[in-house]
Amino acid sequence: MTAVAHPAVPRRQLPAVLAVLVVLGMAVSVWGSKDRTTWFLETVWVLVGLPLLVFTHRRFPLTSLLYCLLAFHALVLMVGGHYTYAQVPLGDWVRDAFGLDRNPYDRFGHLMQGFVPAVLVRELLSRTSPLRGSRWLAPLTVCACLAFSAVFEMLEWLAAVTGGHSADAFLATQGDVWDTQWDMFCALIGATVSVLVLSRAHDRQLDRLGVTRSCGGAGSTAG
């Protein structure tokens with residue numbers, strides 16, 4: 001399964017189209033959000049990442065697959081920021097339909113926290129290190145995603161210490177004492193599945209960018 005630009009959207013125009021959609025999504029997300037502080041904490045990655053991608057697009061263009069995944073991940077974050085993760089209506093429906101004891105949208109968010117960054121890490125390592133084609137690329141990608149998940153949990157811990165009960169909406173633990181462990185486990189599963197399912201499609205798009213497969217030197221991009 002390959003995420004590529006729709007025929008009606010040329011590959012070169014895809015990043016701009018996705019950027020506009022993300023900006024519109026951010027406007028809708030912040031409008032009427034349940035808690036502005038929680039919204040900011042959940043979407044700060046989009047607020048930082050989008051300008052960075054725009055600024056580096058010409059000098060360091062990413063694959064279409066990665067641009068699409070990043071836009072989808074931004075949508076996941078915006079929905080969680082708008083409602084708070086514990087109160088997303090779709091999650092409530094899934095909870096009620098399957099008899100779960102909690103809204104599972106937070107779990108889905110942490111799966112995405114591994115699934116999408118895995119492609120980002122894999123692309124950066126493939127293009128800036130000698131790891132393209134190496135058997136170490138997959139495990140190091142997963143390890144990097146798990147490390148990021150652990151750092152994120154430390155940030156949640158800091159928010160809990162400094163914010164007290166006011167940070168409950170951001171933490172979305174929903175009374176689970178093992179929430180931190182579950183979050184990191186979900187990120188691990190997401191990263192592992194991403195590497196297993198998307199690596200071939202990702203390699204094809206890296207080939208189109210001119211990224212070398214040699215393990216003897218750092219990966220490079222033509223042009």
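In the predicted model, Arg 107 and Asp 179 are joined by a salt bridge in which the closest N and O atoms are 3.0 Å apart. This pair connects distant parts of the chain, since Arg 107 belongs to helix H5 and Asp 179 to helix H8, 72 residues apart. Both partners are buried: Arg 107 has a relative accessible area of 13%, and Asp 179 has one of 2%. The two residues also take part in a network of salt bridges that links Arg 102, Asp 106, Arg 107, Asp 179 and Asp 183.

A search of the whole structure identifies 10 salt bridges. Among them is the contact between Arg 132 and Asp 207, whose closest N and O atoms are 3.2 Å apart. Arg 132 is located in the loop between H5 and H6 and Asp 207 in helix H8, so this pair ties together parts that are 75 residues apart in sequence. Arg 132 is buried, with a relative accessible area of 1%, whereas Asp 207 is partly exposed, at 35%. A further salt bridge is formed by the side chains of Asp 92 and Arg 95, with an N to O distance of 3.2 Å. Here the two residues are three positions apart in helix H4 and are therefore separated by about one helical turn. Asp 92 is partly exposed, with a relative accessible area of 21%, and Arg 95 is likewise partly exposed, at 25%.

With respect to secondary structure, the protein chain contains eight helices and zero strands. From the N terminus on, its elements follow the order α-α-α-α-α-α-α-α. Of the 223 residues in the protein chain, 39% are buried. Between helices H6 and H8, the following separation was computed. The C-alpha atoms of Val 151 and Met 184 are 9.9 Å apart, the two residues being 33 residues apart along the chain. Val 151 is situated in helix H6, which covers residues 137–163, and is classed as partly exposed because its relative accessibility is 44%.

Aromatic contacts were examined next. The structure holds five aromatic pairs. One of these is formed by Tyr 85 and Tyr 105, which adopt a tilted arrangement with 5.4 Å centre to centre and 40° between the planes. Tyr 85 lies in the loop between helix H3 (64–83) and helix H4 (89–98), while Tyr 105 lies in helix H5 (residues 105–128), so the pair ties together parts that are 20 residues apart in sequence. Tyr 85 and Tyr 105 are both buried. In the pair of Trp 182 and Phe 185, the ring centres are 6.0 Å apart and the planes stand at 80°, so the geometry is edge-to-face. Both of these residues lie in helix H8, where a spacing of three residues corresponds to about one turn of the helix. Trp 182 is partly exposed, with 42% relative accessibility, and Phe 185 is also partly exposed, at 42%. In addition, Trp 45, Phe 148 and Phe 152 form one aromatic cluster.

Trp 182 and Phe 185 also contribute to a nonpolar patch on the surface. The other members of this patch are Phe 72, Leu 75, Phe 108, Leu 111, Val 177, Trp 178, Ile 189, Val 193, Leu 196 and Val 197, and the patch as a whole has about 1,200 Å² of accessible area. Helices H3, H5 and H8 are the elements that each supply two or more residues to the nonpolar patch. The greatest contribution comes from H8, which provides six residues. Leu 111, a patch member, is placed in helix H5 and counts as partly exposed, with 30% relative accessibility.

Helix H8 also carries part of a charged surface feature. Arg 11, Arg 200, Arg 204 and Arg 208 gather on the surface in a patch of positive charge. Of these residues, Arg 204 is found in helix H8, which comprises residues 179–209, and is partly exposed, with a relative accessibility of 44%.

Technical notes:
Residues numbered from 1 in each chain as written. Predicted model: local features only at pLDDT ≥ 70, side-chain atom pairs only at ≥ 80, totals over all residues. Heavy atoms only, no water. Patch = residues over 30% accessible without salt bridge, like charges linked within 9 Å, V, L, I, M, F, W, Y side chains within 5 Å. Areas by Shrake-Rupley, 256 points an atom, 1.4 Å probe, with all protein chains shown as cover. Salt bridge = Lys/Arg side-chain N within 4 Å of Asp/Glu carboxyl O. Lys, Arg positive; Asp, Glu negative; His and termini not counted. Charge placed at Lys NZ, Arg CZ, Asp CG, Glu CD. Helix = DSSP H or I, 4+ residues; strand = E, 2+ residues; numbered from the N terminus. Buried < 20%, exposed > 50% of the residue type's maximum accessible area, 1.4 Å probe, protein only. Phe/Tyr/Trp six-rings, centres within 6.5 Å; stacked < 30°, edge-to-face > 60°.
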